[in-house]
Amino acid sequence: LVVGSFFLTANPASADSYTVKMGTAKGLVFDPKVVTVKPGDTIKWEVGNLPPHNVVFDVSKIPTQDKALADALSHKGLEGAGKSFELTIPADAPAGDYSYFCLPHRGAGMVGKVVVAV
């Protein structure tokens, strides 16, 4: 009976998945603009309207200000309508805010944020 109740109350760690749309009916935006995740979770970015789009993490706006980490998180290739790409948040990612932008549309305000909560 005790063993049975353990299996009912134990909550194994599991990774979650999130989707962010790029370029929507709302315009040159990431939707949602902010995604809160934990290490091991996956974010899928889907290209919608007004392509091409990409995701570039701003080295000056991540917790460690580590260029290698910002580069590893970024997807600098430009993707067209209907394309997508994914990022799994590294297990050792420090908690904090990770700001990113779409390189071709940064000037138009196409920016977003991933909040890593440990």
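**View 1. The start of the chain, residues 1-12, is a stretch to treat with care.** Here pLDDT, the predictor's confidence in each residue from 0 to 100, stays under 50. For residues 1-12 the model has zero contacts beyond four places in sequence, a contact being heavy atoms within 4.5 Å. Where pLDDT is low, the predicted coordinates should not be read in detail. Across the protein, though, the mean pLDDT is 91, and 89% of the residues reach 70 or more. This is a predicted model, so local features need pLDDT of at least 70 and side-chain atom pairs count only at pLDDT 80 or more, while totals for chains, interfaces and linings use all residues. Residues are numbered from 1 along each chain as its sequence is written, and side-chain values use heavy atoms, with hydrogens and water left out.

**View 2. The whole protein has two helices and nine strands.** Both kinds of element are DSSP runs numbered from the N terminus: helices are H or I with at least four residues, strands are E with at least two. Walk along from the N terminus and you meet them as α-β-β-β-β-β-α-β-β-β-β. Of the 118 residues, 33% are buried; that label means under 20% relative accessible area, while exposed means over 50% and partly exposed lies in between (1.4 Å probe, protein chains only). Now take the contacts with a separation of 6 or more: 69% of them come from residues 24 or more positions apart. The accessible surface is about 6700 Å², and carbon and sulfur atoms hold 59% of that. Such areas come from the Shrake-Rupley method with a 1.4 Å probe, and for residues only the protein chains shown count as cover.

**View 3. Four strands line up as an open sheet in the order β2-β1-β4-β7.** The pairing in this sheet is mixed; two strands pair if DSSP finds at least two bridges between them. At the edges sit β2 (27-31) and β7 (84-88), each pairing on one side only. Neighbouring strands in this sheet are turned by 15 degrees against each other on average, direction ignored. The axes behind such angles are lines fitted to C-alpha atoms (for helices, over the stretch in contact), and angles run from 0 to 180 degrees between N-to-C directions. Zoom in on β4 (residues 42-47) and you'll find it running antiparallel to β7, with five bridges between them. One residue to look for is T42, whose bridge partner in β7 is T88.

**View 4. Strand β3 (residues 34-37) has a covered face and an uncovered one.** V35 and V37 make up the covered face, with V34 and T36 on the uncovered one. In a regular strand the side chains alternate between the two faces of the sheet. Four bridges tie β3 to β9 (residues 111-116), and these two strands run parallel. To spot the pairing, find T36 and its bridge partner V115 in β9.

**View 5. D16 and K38 meet in one of the nine salt bridges of the structure.** A salt bridge here is a side-chain nitrogen of Lys or Arg within 4 Å of a carboxyl oxygen of Asp or Glu. For D16 and K38, the N to O distance is 2.9 Å. The pair links distant parts of the chain, 22 residues apart: D16 is in the loop between α1 (2-9) and β1 (17-24), and K38 is in the loop between β3 and β4. D16 is partly exposed at 33% relative accessibility, and K38 is partly exposed at 31%.

**View 6. R106 and D58 form a salt bridge, with the closest N and O atoms 3.1 Å apart.** R106 comes from the loop between β8 (96-101) and β9, and D58 from the loop between β5 (53-57) and α2 (67-73), 48 residues apart. R106 is partly exposed, with a relative accessible area of 40%, whereas D58 is buried at 11%.

**View 7. Helix α2 holds a salt bridge of its own, between D71 and K67.** The N to O distance is 2.8 Å, and the two residues are four apart, about one turn of the helix. D71 is partly exposed at 33%, while K67 is exposed at 54%.

**View 8. V56 is a buried residue in strand β5.** Its relative accessible area is 9%. Leaving out residues up to four places away in sequence, V56 touches S74, K76, S99, Y100, F101 and L103. The C-alpha atoms of V56 and D71 are separated by 7.7 Å, and these residues are 15 apart along the chain.
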